[in-house]
Amino acid sequence: MSYYNKDVYNELDWLNKISYFDDWYKIVEPILLNDEFQRRRLFIHHENSVWEHSIAVSFKSFLLARFYHLNERRAAIAGLLHDFYPYAWQSSPELEKIDKGYLTRYYSKSKKISDLHGFVHAKEAALNAKKFFPDLVDDAILSCIRTHMFPLNICPPRYLEGWIITFMDKKLSLNILKDVKKLPKYVGIHLHN
Ligand SMILES: [Fe+2]
Ligand SMILES: [Fe+2]
C-alpha cells in the first residue's frame, strides 16, 4: 500500500464538483502534491484522517473568506496546514505498516497537562509549516495556524481568516465536541491504550 497519489485533483471527487473548487485548488496544489503533506492520510483525526480534515477546513474556510471578501489565499493555506504537526499522536494499522517512525507513542499519563496534544499542536504545526513550505507561508498564515485552538490555547486569532479557521475546525469536529465522553480525546488524552 502506498499513500502517495499525484492525481489528487480527481481523487477529491467529494469536493471537486463544487463551485470555486478550481480557484482553491490552484492556491493549494503545491501542498496537496507534497509527499510530507500526503503522509497525513495515515494520521488519524477523530473519525477520518488529518489529510481529509485539513482539506475540508481549508476549502470551507476559503469559501467563507471569499464570501466575506477576506484574504482567500491566507484562509486556504492556513486551513490546510492548521494541523500539520510533525508526528502522529494516534496509531493506525496503515501507519504501523508504512511509516512507523512518525508515530509518537503518546501516553497522557507520562505527560504534563500543558504538553497534551490539544495544547501544543497548533504551535508545532506552525513551525512545521514554515519548515516544509517556507515560500508559501507568511507571518499572517503562521499566526492563523498558531491560534486555531483558541480558546483551548488562550491566545485568540489576530486575523479574521484565523477566526474563520478556528470556527470551521470546531464545526467540523462537532461530533466530538457534542459527545462529552470524547472531550478528553479532543484535548489529547487517551483513555484507552
Ligand atoms: Fe488542531
Ligand atoms: Fe483541526
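His69 lies in the loop between α4 and α5 (72-81). The model is predicted, and in it phi of His69 is near 55°, a positive value in a residue other than glycine. The chain has 193 residues, and buried residues make up 49% of them. Two iron ions, ligand 1 and ligand 2, are 3.4 Å apart, and Asp83 coordinates both.

**Overall fold**

- The chain contains 11 helices and 2 strands.
- In sequence order the elements run α-α-α-β-β-α-α-α-α-α-α-α-α.
- Of the contacts between residues at least 6 apart in sequence, 66% join residues at least 24 apart.

**Iron ion (ligand 2)**

- Four residues supply the protein donors of this ion: His53 through NE2, His82 through NE2, Asp83 through OD and Asp169 through OD.
- These donors of the iron ion (ligand 2) lie 2.1 to 2.2 Å from it.
- Along the chain, the donors of the iron ion (ligand 2) have the spacing H-x28-H-D-x85-D.
- The pair His53 and Asp169 links distant parts of the chain, 116 residues apart: His53 belongs to helix α4 (residues 50-67) and Asp169 to helix α9 (residues 160-172).
- The angles among the 4 donor atoms of the iron ion (ligand 2) run from 81 to 179°, and the site is irregular.
- A tetrahedral site would need all angles between 85 and 135 degrees, so the range of 81 to 179° at the iron ion (ligand 2) does not fit that class.
- His53 is buried, because its relative accessible area of 3% is under the 20% limit.
- Asp169 is likewise buried, with a relative accessible area of 3%.

**Iron ion (ligand 1)**

- The protein donors here are Asp83 (OD), His121 (NE2) and His148 (NE2).
- Their distances from the iron ion (ligand 1) are 2.1 to 2.2 Å.
- The donor spacing for the iron ion (ligand 1) is D-x37-H-x26-H.
- His121 in helix α7 and His148 in the loop between α8 (139-146) and α9 are 27 residues apart, and this pair links distant parts of the chain.
- His121 is buried at a relative accessible area of 4%.
- His148 is buried as well, with a relative accessible area of 0%.
- Asp83 is a donor to the iron ion (ligand 1) and also to the iron ion (ligand 2), with 3.4 Å between the two ions.

**Packing of α4 against α9**

- Helices α4 and α9 pack at an angle of about 130°, and their axes are 9 Å apart.
- That angle makes α4 oblique to α9, because it is neither over 145 degrees, which would count as roughly antiparallel, nor within the 65 to 115 range of roughly perpendicular pairs.
- The crossing of α4 past α9 is right-handed.
- From α4, the residues in contact are His53, Ala56, Val57, Lys60, Ser61, Leu64 and Ala65.
- Their partners in α9 are Ile164, Ile165, Phe167, Met168, Asp169 and Leu172.
- Two of the residues in these lists, His53 and Asp169, are also donors of the iron ion (ligand 2).

**Helix α7**

- Helix α7 covers residues 117-132 and includes Leu127.
- Leu127 is exposed, because its relative accessible area of 60% is over the 50% limit.
- The C-alpha atoms of Leu127 and Pro86 are separated by 9.0 Å, and the two residues are 41 apart along the chain.
- Helix α7 also holds His121, which is buried, whereas Leu127 is exposed.

**Backbone features in loops**

- Phe150 and Pro151 are joined by a cis peptide bond with omega of about 10°.
- Pro151 is placed in the loop between α8 and α9, and His148 is in the loop between α8 and α9 too.
- Tyr20 has a positive phi of about 75° although it is not a glycine.
- The position of Tyr20 is in the loop between α1 (8-11) and α2 (21-32).
- Tyr20 counts as partly exposed, because its relative accessibility of 46% falls between the limits of 20% and 50%.
- His69, with its positive phi near 55°, is exposed at a relative accessible area of 72%.

Methods. Residues numbered from 1 in each chain as written. Chains lettered and ligands numbered in written order. Predicted model: local features only at pLDDT ≥ 70, side-chain atom pairs only at ≥ 80, totals over all residues. Heavy atoms only, no water. Donors = N, O, S within 2.8 Å, 3.2 Å for Na, K, Ca; no water. Tetrahedral: all angles 85-135°; square planar, octahedral: opposite > 155°, others 65-115°. Helix = DSSP H or I, 4+ residues; strand = E, 2+ residues; numbered from the N terminus. Buried < 20%, exposed > 50% of the residue type's maximum accessible area, 1.4 Å probe, protein only. Axes fitted to C-alpha atoms, helices over the stretch in contact; angles between N-to-C directions. Parallel < 35°, antiparallel > 145°, perpendicular 65-115°, else oblique. Left-handed = near helix turned anticlockwise from the far one by under 90°. Contact = heavy atoms within 4.5 Å.
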